[in-house]
Amino acid sequence: MSVRTFRTSRRASASATPAAARRALGGGADILLAASLWGTTGTARTFAPGASSVSVAAARIVLGGLLLLAFAAATRRAGLLRLLRGRACRAPLALGAVAIAVYQVAFFVAVSRTGVAVGTVVTIGSAPAFTGLIGLATRRAVLTGRWTAATAGAVAGCALLVGAGHGSGVDPAGIALALLSGLSYAVYATTASALITRGEDDRATAGALFGAAAVLLVPVLAAEPAGWLLTGSGAATALYLGAVTTGLGYVLFARGLRGTPATTATTLTLAEPAVAAVLGTAVLGEHLGGAAFAGLALLAASLVVLVAPVRRPGKPGRRGRSGNELV
């Protein structure tokens, strides 16, 4: 090989590395980025004093859902129309929209009843388990030892992270609502994954699901005191929560579902409390003890294990995941 050919080959290899890495990770990178955006919601929420949690949740989905619907209509009009007109899509869309609305409202009410620590860990920690059970029941996923170990480690790390150093009363109704929230999120993730993996456009799917959820939550927003939306900080908070954490976040999540099973995706979203904890320390001046840092480390290690590419036995040089297998 000549020097020139070698240099050309080297440049081509270097330029292909990021794309190759992205393919190896599947949609894991997009989902982790989405979870990181969701992890900023707690800190952003503090900039809207006086607003009820239910009002903030409803405003977030109404604004974010309408933006996602408009974005899908502008960029994926044909796919959106096909999705909305398809008879086979009506039931999944309705189920997914209801799940989004229930997830948001149940989560914020659960947190108000049983505390942020307990409500968050029960909701976020239960979602991967519920998704795995749904995957088994619908035969959409095969749960392997690697997924089980990584999910158990991530949930344990999440529990250490969120619960360390916090004391809060455990309200049975709050726990039940948190479990309902985790189940609803699992239903949404599974529904979105089913639509996308069978060929529906990911942007159209996100727009249709969240647009329908926005319609469902308009009455909730109207019933709650909404004066906070007329203040500068309140309006900015609503815009950030709707446009960035919901609009951009769920576009990334939907794109990640192209190559990532819903069961793996919900485990990867356990990165959300880690980001929230780091921001709480850096921005809000909260303190993390040794147990919380241990939880961060365990959570991070588990997510790395889950998202790392897998070399298929008998197929040297090929890596990746199938659409319904957890490895």
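The following exercises concern a predicted model of a protein chain.

**Exercise 1. Overall composition**

Determine how many helices and strands the protein chain has, and what share of its residues is buried.

*Solution.* Step one: the secondary structure amounts to 14 helices and zero strands. Step two: 47% of the 327 residues of the protein chain count as buried. Step three: among contacts between residues at least 6 apart in sequence, 84% join residues at least 24 apart.

**Exercise 2. Packing of helix 10 against helix 11**

Classify the orientation of helix 10 relative to helix 11, and state the handedness of the crossing.

*Solution.* Step one: the axes of helix 10 (residues 202–223) and helix 11 come within 9 Å and cross at roughly 130°. Step two: because of this angle, helix 10 is oblique to helix 11. Step three: the crossing of the two helices is right-handed. Step four: helix 10 contributes Asp202, Ala206 and Phe210, which meet Thr246, Tyr250, Ala254 and Arg255 of helix 11. Step five: by class, this contact has four nonpolar, one polar and two charged residues.

**Exercise 3. The environment of Thr260**

Locate Thr260 in the chain, decide whether Thr260 is buried or exposed, and identify a backbone atom that lies 3.1 Å from a polar atom of its side chain.

*Solution.* Step one: Thr260 is placed in the loop between helix 11 (232–256) and helix 12 (262–268). Step two: the relative accessibility of Thr260 is 5%, and the cut-off for buried is under 20%, so Thr260 counts as buried. Step three: a polar atom of the Thr260 side chain lies 3.1 Å from the backbone oxygen of Gly256.

Definitions and conventions. Residues are numbered from 1 along each chain as its sequence is written. This is a predicted model: local features need pLDDT of at least 70, side-chain atom pairs count only at pLDDT 80 or more; totals for chains, interfaces and linings use all residues. Side-chain values use heavy atoms; hydrogens and water are left out. Helices (H or I, at least four residues) and strands (E, at least two) are DSSP runs, numbered from the N terminus. Buried means under 20% relative accessible area, exposed over 50%, partly exposed in between (1.4 Å probe, protein chains only). A polar contact is a pair of N or O atoms within 3.5 Å; within protein, one must be able to donate a hydrogen and the other to accept it, and residues adjacent in sequence count only if both atoms are side-chain atoms. Axes are lines fitted to C-alpha atoms, for helices over the stretch in contact, and angles run from 0 to 180 degrees between N-to-C directions. Angles under 35 degrees count as roughly parallel, over 145 as roughly antiparallel, 65 to 115 as roughly perpendicular and the rest as oblique. A crossing is left-handed if the near helix is turned anticlockwise from the far one by less than a right angle, and right-handed if clockwise. Contact means heavy atoms within 4.5 Å. Ala, Val, Leu, Ile, Met, Phe, Trp, Tyr, Cys and Pro count as nonpolar, Asp, Glu, Lys and Arg as charged, and the others, Gly among them, as polar.
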